[in-house]
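Biologist: Please take me on a close look at one part of this model, with its neighbours and its contacts. I would like the packing spelled out residue by residue.

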Amino acid sequence: MKLQKTISQKLILITLSLCLLSSCRAALAPEYDKAIVQNLTETTSKTLQFLASVSIGTNAETFSSRENKYNELIGEFEMLKLLARARPLPKNNVTQKINKILASKNGPTNTDDYPSAFAFNRIVQNLNKMKATDKKTGLNTTVVQAFKGEIVIFLDQAVTYESFLKR
């Protein structure tokens, strides 16, 4: 009788522990935000269309016809950066341990910024440099390709990260 009571208590304890553990989860990344992904998809399309429109080069005399498009794209990526950073960064023991391991191996940690917010910031920097160069001297095809290459890398990082959050 006593043995059955002990086994029953252990089964109840195991069942309760499993219920508690199944409801626990550690957030290592922010929640998926459908608005960010939709805006990112539209802005990526506009950016690639703009880069295609200047792919054969530009001259400084016609810069005024492109200035509004630069401003529109820069503003949209600034908005995406704000939306991405508005989500709270998950802070927990697992994240701290991962960051300690990454720091010990001289790897980047995720305590400062989200990868997509970092990518949006780099896209804005590149568009601003491209705009300034276009205004001052115009752009030849090699310069356009260099800007496009870097912008596409950061677009890919942002799209990949934000899409990955939808699990």
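Modeller: Happily! Of the 167 residues of the protein chain, 31% count as buried, where buried means under 20% relative accessible area, exposed means over 50%, and partly exposed lies in between (1.4 Å probe, protein chains only). Please keep in mind that this is a predicted model, in which local features need pLDDT of at least 70 and side-chain atom pairs count only at pLDDT 80 or more, while totals for chains, interfaces and linings use all residues. Residues are numbered from 1 along each chain as its sequence is written, and side-chain values use heavy atoms, with hydrogens and water left out.

The chain has six helices and zero strands, so its elements read α-α-α-α-α-α from the N terminus on; here helices (H or I, at least four residues) and strands (E, at least two) are DSSP runs, numbered from the N terminus. Of the contacts with a separation of 6 or more, 84% join residues 24 or more positions apart, contact meaning heavy atoms within 4.5 Å.

The part I have picked is helix α5, residues 115–137. With 23 residues at 1.5 Å a residue, α5 should span 33 Å, and its end C-alpha atoms are indeed 33 Å apart; the expected span is 1.5 Å times one less than the number of residues. Just after α5 comes Gly 138, with a positive phi near 85°.

Which residues of α5 are buried? They are Ser 116, Ala 117, Ala 119, Phe 120, Ile 123, Val 124, Asn 126, Leu 127, Met 130, Lys 131 and Asp 134. An α-helix has 3.6 residues a turn, so residues three or four places apart point the same way. The cover over the buried residues of α5 includes α2, α3 and α6.

Let's take α3 (residues 64–86) to begin with: its axis lies 9 Å from that of α5, at an angle of about 165°. Axes are lines fitted to C-alpha atoms, for helices over the stretch in contact, and angles run from 0 to 180 degrees between N-to-C directions. The two helices are therefore roughly antiparallel, given that angles over 145 degrees count as roughly antiparallel, under 35 as roughly parallel, 65 to 115 as roughly perpendicular and the rest as oblique. Their crossing is left-handed, that is, the near helix is turned anticlockwise from the far one by less than a right angle, clockwise being right-handed. On the α5 side, the residues that meet α3 include Phe 120, Ile 123, Val 124, Leu 127 and Met 130, and among their counterparts in α3 are Tyr 70, Leu 73, Ile 74, Phe 77 and Leu 80. This contact has twelve nonpolar, four polar and seven charged residues; Ala, Val, Leu, Ile, Met, Phe, Trp, Tyr, Cys and Pro count as nonpolar, Asp, Glu, Lys and Arg as charged, and the others, Gly among them, as polar.

From the α3 side, the buried residues are Arg 66, Tyr 70, Leu 73, Ile 74, Glu 76, Phe 77, Leu 80, Lys 81 and Ala 84. They are covered by, among others, α2 (34–53), α5 and α6 (141–164). Elsewhere in α3 sits Met 79, which is partly exposed, with a relative accessible area of 34%. Its C-alpha atom is 9.3 Å from that of Asn 39, 40 residues away along the chain.

Now for the other partner, α6. The axes of α5 and α6 come within 9 Å and cross at roughly 160°, which makes this pair roughly antiparallel too. The crossing is left-handed. Phe 120, Ile 123, Leu 127 and Met 130 are among the α5 residues that meet α6, and Ile 151, Phe 154, Leu 155 and Ala 158 are among those that meet α5 from α6. By class, the α5–α6 contact holds 13 nonpolar, four polar and four charged residues.

Finally, α6 also packs on α2, at an angle of about 165° with axes 11 Å apart, so α2 is roughly antiparallel to α6. Their crossing is left-handed, and their contact divides into eleven nonpolar, two polar and two charged residues. One residue to look at there is Thr 44, in α2: at 13% relative accessibility it counts as buried. Leaving aside residues up to four places away in sequence, Thr 44 touches Leu 155 and Val 159. Leu 155 is also one of the α6 residues that meet α5.
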